[in-house]
Amino acid sequence: MAAVAATGMIAAACGGSGGSGGGSGAGGDGDGGAQFDEPPDEGTPTRGGKVTYGLEAETGGGWCLPTAQLAAGGIQVATSVYDTLVAPASDGAGGVEYVPFLAETVEPNDDYTQWTIKVREGITFHDGTPLNAEAVKLNLDAFRGEVPGVVGPLFPIVFAPVATVDVVDDLTVTVTMNQPWVAFNATLWGTGRIGMSAPAQFASPDNCESNLIGTGPFRIFNCENVDCGWVINDRFTAEANPDYWRQDADGEQLPYLDEIEFRPVPAVAQRVNGLVGGDLNAMHTSDGATIADLRADAEAGQVNLLESDFAAEIGYSMLQVEDPPFNNKNARKALQYGLDADELIELTQAGVVKRAVQPFAEDNLAYLPPEEVGWPDRDLDQARQFLDAYLQETGETELSFTILTTNDPVNLRLAQIVQDQLAQIGPVNATIDQVDQTEIINTALGGEFGLNLWRNHPGGDPDTQRIWWYSTTPEGAPNFVNFGRINDPEIDRLFDEARSEPDPETRKEHYQQVSKIFAEEAYNLWAWYTVWAFAAADDVHGLFPPQLPDGQDPVIIASVQPVAGLWVDQ
Amino acid sequence: MGEEARHRLLVWALVAIGVVGLVALVVVAPTGVTVAAVAALIAVAVVAFAGWRRLLQVVVVLVLVTFFVSVLIRLLPGDPTDAILGFSTPEQRADLRQELGLDDNIFSQYWDFLNDFLRGDTNYYQSSGQRAEGTPVWDRLGNALPVSLLLMFYAQVIALVIAIPLGILTAYRAGSRLDKSVNTGAFALIALPNFVLAYLLIYYLAVRRDFFPTQGYVPFGENASEHFRSLFLPALSLSAGLIAAYMRLLRSDMIQTLQEDFITMARSKGLTTRRILLRHALRPSSFTLLTVAAINLGALVGGVVVIEVIFQLPGVGLLLFQAINAKQYPALQTMIGIIAIVYVLANVVVDVLYSVLDPRIRHARAAG
Amino acid sequence: MPEQPADTLREKAIADEAAATDLPVDAGIEVPIAAVEAGTEGVVKKRLGFGAWLAIGWLGLLLLLMVFAPLLPTPGPRERVSGLAFQQPLCNASDCISGHPLGGDTIGRDMTARLVYGARNSLFIGTGAVIVGFLIGGFLGLVAGYYRGRLESFIVGFLDVLLSVPALILALSLTIFLQERVQDIVGSSEMAGRLTLTFALGIVAIPSIGRITRANTLVWAQREFVTAARAQGAKDSRIMFREVLPNVVPAMAAIALLALAVLIIAEAALSILGAGITPPAPTWGNIIVEGFDYLTNGRAPHIVFEASGAIFLTVLAINYLGDAIRERFDVREARL
C-alpha cells in the first residue's frame, strides 16, 4: 500500500524557456524541446515486487533481433531483456546525443570512416557467456546480414555502409565503413532495436525468436524463481537478472523488481481498465484521448504518469506513390490541401498532440520553423482543383483507394474521420482495410494500400530515417522498407550527402531541404507529433529511468522506456 | 437389488472406471495415446449401447467434417501463403505450400491434413517474415480449453440454480400471477442476446459500480475469489438463455407429472408438498433437462466464443478470434476442426448416455 | 400420429416430449423456445392478442423507417456533424446540438440515421439468409420428405454433417474464408461483405430449415389427396410443388420469422467477432462494436444500448409474432 502520497508526475519536455514545465494542462502547448525536468523525489526505492506492463500489441515474430520487425510493444520487451551499445542522453542544449551504454567508448576516426567500440569489462549475458569483442562482432555481423540463419529484411540495408567489423582485442572492435558515416552511433541505438544477443541465441536459428539471451535487467533464460517465458498473445514473463551490470546512483544493484510481465492489450480502453482495475500496474499509450484521461487521473493522484514528446515520432498518412492513384501528384496534392489535420488532432487526440508539418521533431537537429517548411494551409477549394486536375488527367470519375489501418477501435475511428474529411473534397471513394497489428507491417511491406495511417520517425538525428525513404537497397534492388515506395532522386542524394557530411550546419541544411521536398511533393501527409505516456499504479515508481552509467541524464525517445529503475512500494 | 438398479450400478461403475482411467492417462501418457484411448472408449460405448450402425454414422460424419475443414483453406482466392506469411521469400512460401498440401489434389491434401491432425502435429504459423515455423496449436488449445470449459460449466450451474426453483415454483402455482410474470420474463430473456445482457451487466455492475472486473481472467490457482469474480458476469450472461429454456421445460414437465396418479397417491398418503415436489416430481423431469442441455450445446459454444471476446477471457473462443485477426489460416483450420470433432463426440456421448439412462428408452429396447 | 422421423433414439424421445409439452425443440440453429400462454397449454389460440399487435406495431414502424429512410429529417448515416460526437440522447444542456434525440456516435454521426440504415443492412442480411436457407434447405427438405428412401437418408445425412459444426463456428469460418473471394467477384467491398454474410448465415440456416420442411412435408405427403394425385398419374414435381408445398408454406412462415430473429442476432455476434461488415457502412452489430470502448469507460454507453435495444425489441417482436402465427396454424404435429 502506498504510504507515500501518489504523485502525478509529468516530465514532459516543455516550456521553451526552460521553466519548471510539467504542465499537465490541455493542449500540449509546451514547446516540446529543451531538457527534461528534475524527476520528483519518490523516496528510496524498495526491492522486490512485480510490474505487469500493458503493451500496445503482441510481437508475432518474436525477438531474433537481427530479423525481427519490432514495433512499440516489441521494443519495450527488448529494452528489458537486452541492452544497446549506446543510449540516448540529453546533450545539455535541448537535443540528444548518443552516449556509450554497454560500450565504454564509441569513437569515430577523423573522417568518420572508422568507428571504434570498446565494451565495458565484466558484463555477461544471461547464459553466463561474456560480452566481449567477439560477441559484439557477431551481433554487428548478424545485423549486417552476414550470419546465416538470422538474416533480416531491414537491418542489412540499414548497415549497408559497414564494410567490415574487426576484433582488435578482447573488448574492442573496429567498424570500418565504405563511406564516411557521421551519425553511425545514432543507428547503433536504432530506437532500442540494436540490442546485443548472446551468441548462443543465434546458434540455433530455429528458436532464435523465442530464446532471448541478452545482458539486460531481466531475463527469461534459465529462470530460477519465476515461471518465465513467452506465451504469445498472453504474456511475456521475465525475472530480475541477479548479475545485471548496472547500479543506481547510490550504488544499489539494479533492477529493484523481482519480476516483470508484459501483456499485449491492443485495445487501449481495455489497457486503461486493466490499470484501473488492478490487472496491470503499468502501461504505455500514444493515444491522445487516453492521455488526456490519464492526466486527469494523475492530477487526482490515482496514477503516476510520465510523458514524452521529445524527439517524437510523427503520426501521419503515408501514401503509396508507386501505384495509382497516388503516383499522380495532383491526387496527392488534393489530399494535402483537403485533409484537416487540426480537426483530426481535436477529434481523435483530444488536442494533446502538436501539429507537425515536417518529419522531424523540434529537438531533432533538422527541425525547421513551420513557416519555413512550405506546407500549405488547408484549402478545400484548392484541393478540389487538384482533384479535378487528377480526374481530367487520368480520365477517372473518382479518386479511389484503400485506407489501411489496424483493426482496433481507436484507429478505425481515425480512419473513418479521415475518410469523411477526404469525401468532402469531392468524388473521393476511400474504403477502409483493417489489418491486425501483428500483420500490418507485412501488408505495408507489400505496398498493399493507398493511404496508410502510420506512426514513425522518432529520434534526434535524421540520418536514421534514410532507410524509410531511400529508393533502393545498396545492391540496387527496390527498398521495400520504404513502404510508400518513394522514388525521389533528390531525396536520395540529400541523404547520401548528409550521411557523410562532417559539417553540422551543412548536414542540417540537407535535411531541411528534404522537409521542403516533402512539403512540395506531398508523399506523406504529416499530421502530429506523437506523445507517449507511461502510466503506472500509484505504488509503482521509477518511471523515469535512472542515470546512465557514466552519469549523464537519460532521455526517453518515443515509446522506449527503460525499465531497470522501476520499483514497487512494499 | 432389482434388475434396473443393477443395470444402473453397472453403468455408473463403468463410467467411474472410464473417468479414473482417463484422468490417469491424461496425466501420465503423451497426448497421442490419450486421444487414442478416449477415441477407443467412445467407440466401444457407442457400439455397446447404440449399435454398429451408429458408430459408422459417427465415423462418416467425422470424416466429412474434417474434410470440409481441410478444404476451407482452398476457398481463399489467390495464394493463401501470401496472407499467412506475408512478406517472405518465394522459397518459404513454396515450402509452406508444400506443407499445407496446396499443390496436391484435394484428396491427398486431406490425407496430409488428417495425418498431421491425428498425430497432433498441427502448426501455428508466425508471420515473422523469415521462417514458416510455428508453435503447435495443441499447446495453446490445452491452455485455453480449461477456461472455456469452466465458463460453460459455471453458466450451466448458474442456470440450474436459478431455473430449477423457478420451474418448480411456477409449476406448482401454474396459472397464477407469479407464473404469468415469470413466463413473460422468460420470454423476454430468450429474446435477449447473451452479448446484450453482457453489456448491461458490464455497465451497471462493473463500470458504474466496481463489483466485478470489466474484463480479464484470473486462474483459480492464482486467486480463488478473483477467479470467481472474473467469471461471474460472463457465466451469468451465458446462462440467460439457458435459464429460460430449463425453467419452461421443467415447468411444463412438472405440471404434467403433478397430474399423474402416483402424485395423487403420494398426496393422499400425506406426504408434504415439498417432498412431493422435490423427490417425486422432479426426478423424471431431469431427463428432459439433460436433453435440453445437450441440444443447447451448439448455442452454448457460439455464446462462449462471443462472451470470451467481450470479456477477454483466454479460452478457445478468444484463441479463435486472435487467429482470425492474425490471418493464421492453418491454425484456424485446426481449431475449427478440433471444435467440430469435440462437438460431434460430445453429442454422441450425450446420445448414448441418454439412451442408457432413460428408463423409457431402455424399456423400449428391452421390449423390442 | 403420422410417423415421425426418428434419427436417433434421443430424438424420438425429444419429439415425444415436444409434442407433449407444446414446445418446439430443434437440435439445429437455436430457434427459440417460444412462450406458452400461461395456463393455456393445449389450447390453440385463434385470435391475435394485444402483445402480437404491439409486435406488429414495432415491426411496422421499423419497416416504414427503413423504406422511407432517405426522407427522414436526420443527417445521412455517414454524415459527420461537427460537435455531435458522443452526445447523449435527449440532451438538453447548452452545448448540445438539438435535433438529435438519440444522440451522436463515436465520430459525430446521428444515431437515429445510423440505426435506421443499420436496420436496412442487418435486415437485408437476415432476410437474405433466410431466403437462402429456404431456397436450399427448403428445397432439400421438400424433396427428402416427398421421395423418402435413399434420397432422404442422403439428404438427412448431409444436413447432419452441417449440423455437426456449431452454428456460429460454421458461420464464422465461411465468412472468413469466403470474404475475399466474393470481393474479387463483386468488386465493392461493402457489397461483398453483405453478400458473404448473407450467404454464410444462409448456409448455417439450411439444416434446421431443411429438417422442419421435411417434417412438414412428411405430414402432408402422406395425405390422401397426394396418393390420389399420384394414382392419377400426375408428375412428382407437379405434386410436390402444386399440392404439398402450398400446405407446407404457412407453417414455414412462422419458422421463417423465428429464423430471421436468430440470424439478426447472429449478424451482431459475427460483428463482435470481427467478421462483420467494416464501417462506415452501419449494421446494428458494428454500431455496437464501435461503441463498446465507450461503454466500458462510461462515456457514451448509449451507442451500445441503443443498437442492442433495437436488436432486442426486434427479436422480441418477431418471436412473439412468429409464435402467434405458429399457434394459429397449429403446427404442433410438424415439429422435427
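This is a short exchange between a trainee and a mentor about a predicted model.

Trainee: What makes chain A as compact as a globular protein of its length?
Mentor: Start with its elements: chain A has 16 helices and 22 strands. Its radius of gyration is 23 Å, and the globule rule gives 25 Å for 570 residues. The two values are close, so chain A is as compact as a globular protein of that length. Its C-alpha atoms fill a box of roughly 70 × 55 × 45 Å along the principal axes.

Trainee: How many of the residues of chain A count as buried?
Mentor: Of the 570 residues, 60% do. A buried residue has 20 or more other C-beta atoms within 10 Å of its own.

Trainee: What share of the contacts in chain A joins residues at least 24 apart?
Mentor: Take the contacts between residues at least 6 apart in sequence; 71% of them join residues at least 24 apart.

Trainee: Why is A:Tyr112 called partly exposed?
Mentor: Count its surroundings: 18 other C-beta atoms lie within 10 Å. Buried needs 20 or more, and exposed needs 12 or fewer. The count of 18 falls in between, so A:Tyr112 is partly exposed.

Trainee: Where is A:Tyr112, and what is it in contact with?
Mentor: A:Tyr112 is in the loop between β4 and β5 of chain A. Neighbours within four places in sequence aside, its contacts are A:Pro180, A:Trp181, A:Val182, A:Ser500 and A:Pro502. A:Glu146 is 34 residues from A:Tyr112 in sequence, and their C-alpha atoms are 22 Å apart.

Trainee: What makes β4 and β6 of chain A edge strands?
Mentor: Look at the order of their open sheet, β4-β5-β7-β6, with antiparallel pairing. β4 (103–108) and β6 (162–169) each have a single partner strand, so one side of each is left without a neighbour in the sheet. Neighbouring strands here are turned by 15° against each other on average, direction ignored.

Trainee: How do you know that β4(A) and β5(A) pair?
Mentor: Two strands pair if there are at least two bridges between them. Five bridges join β4(A) to β5(A), so the rule is met. These strands run antiparallel. One bridge sets A:Val106 against A:Ile117 in β5(A).

Trainee: Which helix packs on this sheet?
Mentor: Helix α2 (residues 133–144) of chain A does, touching β5, β6 and β7. Its direction makes about 170° with that of β6(A).

Trainee: Why is β10(A) called mostly covered?
Mentor: Five of its six residues are buried.

Trainee: Which strands pair with β10(A)?
Mentor: Check the bridge counts. β8 (residues 218–219) has two bridges to β10(A), β9 (residues 229–231) has three, and β11 (residues 259–264) has four. The rule asks for at least two, so each of these strands pairs with β10(A). A:Glu239 of β10(A) stands opposite A:Arg219, and its bridge partner in β11(A) is A:Glu259. In β10(A), A:Phe236 is the bridge partner of A:Trp230. The hairpin of β9(A) and β10(A) has three residues between the strands, and A:Asn233 takes a positive phi near 65° there.

Trainee: What makes β15 and β17 edge strands in the sheet of six?
Mentor: That open sheet has the order β15-β19-β14-β18-β16-β17 (chain A), with mixed pairing. β15 and β17 each have a single partner strand, so one side of each lacks a neighbour in the sheet. β15(A) pairs antiparallel with β19(A) over two bridges, where A:Lys354 stands opposite A:Tyr529.

Trainee: Which element gives the most to the side of chain A that touches chain C?
Mentor: First the totals: 15 residues of chain A are in contact with 13 residues of chain C. α12(A) gives the most to that side, with seven residues. The residues on that side of chain A divide into seven nonpolar, six polar and two charged. α12(A) also lies across β14, β16, β17 and β18 of chain A, at about 170° to β17(A).

Trainee: How do you know that the span of α12(B) agrees with its length?
Mentor: At 1.5 Å a residue, its 15 residues should span 21 Å. The end C-alpha atoms are 20 Å apart, which agrees. Also, 14 of the 15 residues are buried, so α12(B) is largely enclosed by the rest of the structure. Just after α12(B), B:Gln312 takes a positive phi of about 55°.

Terms used:
Residues numbered from 1 in each chain as written. Chains lettered and ligands numbered in written order. Predicted model: local features only at pLDDT ≥ 70, side-chain atom pairs only at ≥ 80, totals over all residues. Rg over C-alpha atoms; globule rule 2.2 N^0.38 Å. Contact = placed C-beta atoms within 7 Å. Expected span 1.5 Å × (residues − 1). Axes fitted to C-alpha atoms, helices over the stretch in contact; angles between N-to-C directions. Nonpolar A, V, L, I, M, F, W, Y, C, P; charged D, E, K, R; others polar.
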